[in-house]
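Okay, everyone, thanks for coming. Let's put the model up and talk about charged pairs.

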Amino acid sequence: MTVTTGTEFKTERPAPGTLWVTGWHSLKSETTIAAFLVESEGADPRTVHVSKNKRRIFEALIDNPMYCASPCRLSHYVMLLREEQGLNIETEWYSNDPKTGRERFGVYVLKDKVTRITGNEVRQ
């Protein structure tokens, strides 16, 4: 797990398509347990199973980076995905626009290669 912290700021803006979660309605609604193949650099591929809100957050991270700030407390679920599933989710920090008054903001980025497992097949 790598987390960019402290005074390390990226100077560019987050990638286009970075998801701003304004509520749980911003995420897919599927919450049943699902299996995913995770390939991390320097480690053997492994299967993880997630459900409920962890699945909603995980699937969103598979599709796009996600802003940290959210009214639905994303950080709690990101922490669980990091600790319980061992996923490599980085927090990238950006200098903020002076007009907003904030010094910085973070974006969660999934660094592992992940594919959804359906039945006996793996699909991307």
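So, which residue forms a salt bridge with Glu59, the closest N and O atoms being 3.7 Å apart? That's Arg116. By salt bridge I mean a side-chain nitrogen of Lys or Arg within 4 Å of a carboxyl oxygen of Asp or Glu.

Quick housekeeping: this is a predicted model, where local features need pLDDT of at least 70, side-chain atom pairs count only at pLDDT 80 or more, and totals for chains, interfaces and linings use all residues. Residues are numbered from 1 along each chain as its sequence is written, and side-chain values use heavy atoms, with hydrogens and water left out.

Back to our pair. Glu59 sits in helix α1 and Arg116 in strand β6 (residues 113-118), so this contact links distant parts of the chain, 57 residues apart. Helices (H or I, at least four residues) and strands (E, at least two) are DSSP runs here, numbered from the N terminus. Glu59 is buried, at 9% relative accessible area, while Arg116 is partly exposed at 23%. Buried is under 20%, exposed over 50%, partly exposed in between, with a 1.4 Å probe and protein chains only.

Glu59 has another partner, Arg55, with the closest N and O atoms 3.3 Å apart. Those two are both in helix α1, four residues apart, about one turn. Add Glu30, and you have a salt-bridge network of Glu30, Arg55, Glu59 and Arg116.

Elsewhere, Lys54 meets Glu84 at 2.5 Å, N to O. Lys54 is in helix α1 (residues 52-63) and Glu84 in helix α2 (residues 74-85), so that pair ties together parts 30 residues apart in sequence. Lys54 is buried too, at 15%. The full count is eight salt bridges.
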